[in-house]
Amino acid sequence: MALLIKGGEIVTAESRFHADILVEGETISAVGTGLEQPPECQVVDATGKLVFPGFIDPHVHVHLPFMATFAKDTHATASRAALIGGTTTFIEMVCPSRNEDALAGYHTWKQKAEGNSACDYAFHMGVTRFDASTESQLREIVADGTASFKIFLAYKSFFGVDDAEMFQTLSLASKLGVITTAHCENAELVSRLQQGLLAQGKTSPEWHEPSRPESVEAEGTGRFATFLQQTGAAGYVVHLSCAPALRAAVDAKLRGVRLFVESVLPHFLLDKSYAERGGLEAMKYIMSPPLRDRRNAPVLWDALQAALIDTVGTDHCPFDTEQKLLGDGDFTRIPNGIPGIEDRVTLMWTYGVKRGLLDIHRFVDALSTRPARIFGLAPRKGVIAVGADADLVVYDPHYRGTLSARSQHVNNDYNGFEGFSVEGRPSVVTVRGSIQVRDGAFVGDKNRGRMLRRDPQYFREAAHAR
Ligand SMILES: [Zn+2]
């Protein structure tokens, strides 16, 4: 059955206008005013509402064995929470441990997701070791349509790669035309600083930030950029959190390094005082890179508006309070992470666009269009255009609400943004033409999501056209 979205105000990365959208099958077949309604057509009245392209979260963890436990979501819970919040596609990190083969890890993650997601999804392939068998396995994974890698410069001896492995990964990525995303912190310095603090009896959560200071992230960012420059690879810094790391990234961009920058939701809205509240309340806010001194957030907002920060993700990674307590008495054992997949769109709208910190088109660009382009999902995703997938968010700007763990859909017993008020929410959300959400409730097909296969050649062209 066709779908007609009537009378809404369409907002894309480039333009804003009133028009109807006709969907036939899974794609958009017409955009224009006064479109004729075909027989057998579902109609959504979008009068007084905004219509955005479906939002894309480029940095999500669903299945994740980490720090002696597993993140709480399943693909079923994470994908429904994503959709209720207006995110129609997410890219999940495949994170095998260093003693697991890349290919075995990849199949584990694929199997967990397949048939269990309500929204579309793709993967970044975590390269957590590089040995004699790694290259052929990565080539097979790229040929399967997973055209981006993830490396950790942090988490020594668990996920982390050393400089030699980073060089090998980036050299292969450069040959294959694959982009590499990187967690940039100096693992050796973090490890030494952690040991030093613990030896002084500094074991509580507020010591997490001083164990991985801003300069340690800036070092990782600068080193990653230098390796990109020397290998000719394209790269993407995930969850950049502070001004010194931003300066390292911008310096690399100005040298012509093909480097993109992502910051994530918590670093725009929270600061390290949340992790200094003591006890469990503090543990809820332990993530890496850590929440920073509050002087950083205005710098991140300005850089986002100026597109020096390209994208906004979440690093969605829910551990519940029982799991957080694994680190009681030793901050290095607190599972790192915070949920966010459900609230990214409404929070960035409320605290960015509505406060005048973020232009409405840059909002769409950073949360949808640019992630699609960088990761080879365009032109299917990230736009409202004839032929594109009909992933659409009809947004009701008049809604008012308050975020709370009691009403969230993410599988976790706390919400890091508890009590934050929000303006607006998705009223109707579609995935390839099928209505999945109405006014905060999941109403669709819980198995609709498909894995999106991406072509590395596409990224090459997109990078050169930029
Ligand atoms: Zn992450």
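**A walk through the fold**

Let's start at Val51, which touches Ile5, Gly8, Glu9, Ile10, Val11, Ile21, Ala46, Leu392 and Val394, leaving out residues up to four places away in sequence. Two residues are in contact if their C-beta atoms, placed from the backbone, lie within 7 Å. Keep in mind that this is a predicted model: local features need pLDDT of at least 70, side-chain atom pairs count only at pLDDT 80 or more, and totals for chains, interfaces and linings use all residues. Residues are numbered from 1 along each chain as its sequence is written.

Val51 also belongs to a bigger story. Together with Val237 and Ala249, Val51 has the most contacts inside the largest nonpolar core, which has 143 residues. A nonpolar core is a set of buried Ala, Val, Leu, Ile, Met, Phe, Trp, Tyr and Cys residues joined through C-beta atoms within 7 Å. As for "buried", a residue earns that word if 20 or more other C-beta atoms lie within 10 Å of its own; it is exposed if there are 12 or fewer, and partly exposed in between, with C-beta atoms placed from the backbone.

Now follow one of the partners of Val51, Leu392. Leu392 sits in strand S16 (residues 392-402). Strands (E, at least two residues) and helices (H or I, at least four) are DSSP runs, numbered from the N terminus. Is Leu392 buried or exposed? Leu392 counts as buried because 31 C-beta neighbours lie inside 10 Å. Apart from its neighbours within four places in sequence, Leu392 is in contact with Ile5, Ile21, Val51, Pro53, Gly54 and Thr430. Pro335 makes a useful landmark here: Leu392 and Pro335 are 57 residues apart in sequence and 35 Å apart in space, C-alpha to C-alpha.

Next, let's look at how helices meet. Two packed helices are described by the angle between their axes and the distance between the axes. Axes are lines fitted to C-alpha atoms, for helices over the stretch in contact, and angles run from 0 to 180 degrees between N-to-C directions. Take helix H7 (residues 214-231) and helix H8 (residues 243-254), whose axes come within 7 Å and cross at roughly 15°. H7 and H8 are therefore roughly parallel to each other. Angles under 35 degrees count as roughly parallel, over 145 as roughly antiparallel, 65 to 115 as roughly perpendicular, and the rest as oblique. On the H7 side, Glu214, Ser215, Glu217, Ala218, Thr221, Gly222 and Ala225 meet Pro244, Ala245, Ala248, Ala249 and Ala252 of H8. Ala249 is already familiar, as one of the residues with the most contacts inside the largest nonpolar core.

H7 has another partner too. Helix H4 (residues 163-176) packs with H7 at an angle of about 45°, their axes 9 Å apart, so H4 and H7 are oblique to each other. Here Met166, Phe167, Leu170, Ser171 and Ser174 in H4 meet Phe227, Leu228 and Thr231 in H7.

A third pair is helix H2 (residues 102-113) with helix H3 (residues 134-143), where the axes come within 8 Å and cross at roughly 30°. H2 and H3 are therefore roughly parallel to each other. Ala102, Leu103 and Tyr106 of H2 make this contact with Thr134, Gln137, Leu138, Glu140 and Ile141 of H3.

Finally, turn to the backbone. Most residues other than glycine have a negative phi, and most peptide bonds are trans. Which residues stand out against that background? His239 is not a glycine, yet its phi is positive, near 35°. His239 lies in the loop between strand S13 (235-237) and H8, and His239 counts as buried, with 24 C-beta neighbours inside 10 Å. Asp439, also not a glycine, has a positive phi of about 45°. Asp439 lies in the loop between strand S18 (434-438) and strand S19 (441-442); with 12 C-beta neighbours inside 10 Å, Asp439 counts as exposed.

Two prolines complete the tour. The peptide bond from Ser288 to Pro289 is cis, with omega near -5°, and Pro289 is found in the loop between helix H10 (279-283) and helix H11 (296-305). Another cis peptide bond joins Ala378 and Pro379, with omega about 0°. Look for Pro379 in the loop between helix H14 (360-374) and S16, the strand that holds Leu392.
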